[in-house]
Each structure stands twice: as C-alpha cells, then as structure tokens.
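Visitor: Please walk me through one spot in this structure, slowly. I'd like to see what sits around that spot and then follow the trail outwards.

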Amino acid sequence: MKVVVAGPVGAGKTTLVSALSDAPPVRTEAQRTEADPAKPMTTVAMDYGRRHIDDGLTVAFYGTPGQERFEPMWHILSRNAFGVIMLLSAEDPDGPQALGHFLGYYERLLGDIPTVIGISRVDCRPEAFDPLSARAGDRHPDIPVMPVDPRDPESAALLVEALLTQIDAHGSTVLDRLQGVSGMQFRVT
C-alpha cells in the first residue's frame, strides 16, 4: 500500500519516513542552495521507507521534496497512492498558507483521497496547533489533525493508524479510483 508523505520544507518528512521504516530508508538529499544553518540538506527527489503491518500488509512511504521547484516529483510520487500524510511544522510562520496550498494541490491531483495532517514541533510552539487544526477543519472537517513528533516511531505510527482508519472508511472508493486510473485490478478477500 502506497502512502505519500507531503508538506513544506522543514516539516519533518524525511525524519517521519525514517521513524516509520522497518529498514534503513532511501534518501535523496543534497546541499541546500539557500543558506540555512538549521537545515543544510534538503530532499531533492524522494524519501522511501516501508513498514510491515499485521496480517502481511506492507505500507510503502514516499516522502516528497518540500520545495516548489520539485513539484513534478509530487505528481510522480502520488501516482497510485492510497493515502496522504500531510506534515506541517508549528514553527513555520507560513503554516496556514502552506496547509491551504498543499491540501489544495493534493485535492486537485488525487481528489477525495484519505488524508491525515500531522503538526510537528508543537512542543516548541503549542499555540500554533489550534489555528492550524481549525484551518484544516474549516476546509475538510473529516480530516484528522494530530500533533506528531516525527522522530518518535510511536508518535509517527499514530498518524499511520489514523490514515489506515481513513482508508478503511473510504474502502471501495479508494480501490475503484485506483482501478479506474491505473488499470490495476484488486481482489478483496
């Protein structure tokens, strides 16, 4: 099952994919062109990790680059995705605009795909959580919004559990969409 991990630069996507992966993740990082001592490297293609869940289910996580100039990768990595984990940082002063931008982009690209929103660094700026959560709720009241520490595998796993619940709730809608778009055939047993 393919899950896209999306959001702006510095939200913690690479860290989240690493925390969720059973094996060392694949990373494609390069030196940033803009000087930022707090974040000298950035993802330029994708991060990839996978986690084996009960009953033989494997979830593959594809972390997208956060910079707009890598938008073609967002499109490529989203192909045949079952769900999206949207990650934002509470410390990002542009968080509300980034939330609207990324939700809009993935809604246009993937339609009504199961989505969860994780807000990182809430411990550093707790007052940012409620406005971000309210903004998401105004636009999509059915999308869960949760604080997350992307470094903590248990915290990261809660996002995955919430997303799997969303996927289960969408059930046949997700399978029908994938079959129609990609010609894939799924058998539910």
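**A close look at threonine 64**

Guide: Skip the neighbours within four places in sequence, and threonine 64 is in contact (heavy atoms within 4.5 Å) with Val4, Val5, Ala6, Gly7, Lys13, Trp74, Leu77 and Tyr106. Before we go on, this is a predicted model, where local features need pLDDT of at least 70 and side-chain atom pairs pLDDT 80 or more, while totals for chains, interfaces and linings use all residues. Residues are numbered from 1 along each chain as its sequence is written, and side-chain values use heavy atoms, with hydrogens and water left out.

Threonine 64 sits in the loop that joins β4 (58-63) to α2 (71-78); helices (H or I, at least four residues) and strands (E, at least two) are DSSP runs, numbered from the N terminus. Its relative accessible area is 0%, so threonine 64 is buried. Buried means under 20% relative accessible area, exposed over 50%, and partly exposed in between, using a 1.4 Å probe and protein chains only. Across the protein, 47% of the 189 residues count as buried.

Now follow one of those contacts, Lys13. Lys13 belongs to the buried set of α1, along with Thr14, Leu16, Val17, Ala19 and Leu20. That leaves helix α1 (residues 13-20) mostly covered, with six of its eight residues buried.

Another contact is Tyr106, and helix α3 spans residues 95-110. This helix packs with α4 (residues 129-139) at an angle of about 30°, their axes 10 Å apart. Axes are lines fitted to C-alpha atoms, for helices over the stretch in contact, and angles run from 0 to 180 degrees between N-to-C directions. The two helices are therefore roughly parallel, the word for angles under 35 degrees. On the α3 side, Gly95, Pro96, Leu99, Gly100, Leu103, Gly104 and Glu107 make the contact, and α4 brings Leu132, Arg135, Ala136 and Arg139.

Stay with α4 a little longer. Its buried residues are Phe129, Leu132 and Ala136. Because they cover an arc of only 75° around the axis, they lie on the same side of α4; the arc is taken from the directions running from the helix axis to the C-beta atoms. Asp130 and Asp138, on the other side, are exposed. As for partners, the buried residues of α4 pack against β5 (83-89), α3, β6 (115-120) and β7 (145-147).

Zoom out, and the protein has six helices and seven strands.

Technical notes. Parallel < 35°, antiparallel > 145°, perpendicular 65-115°, else oblique.
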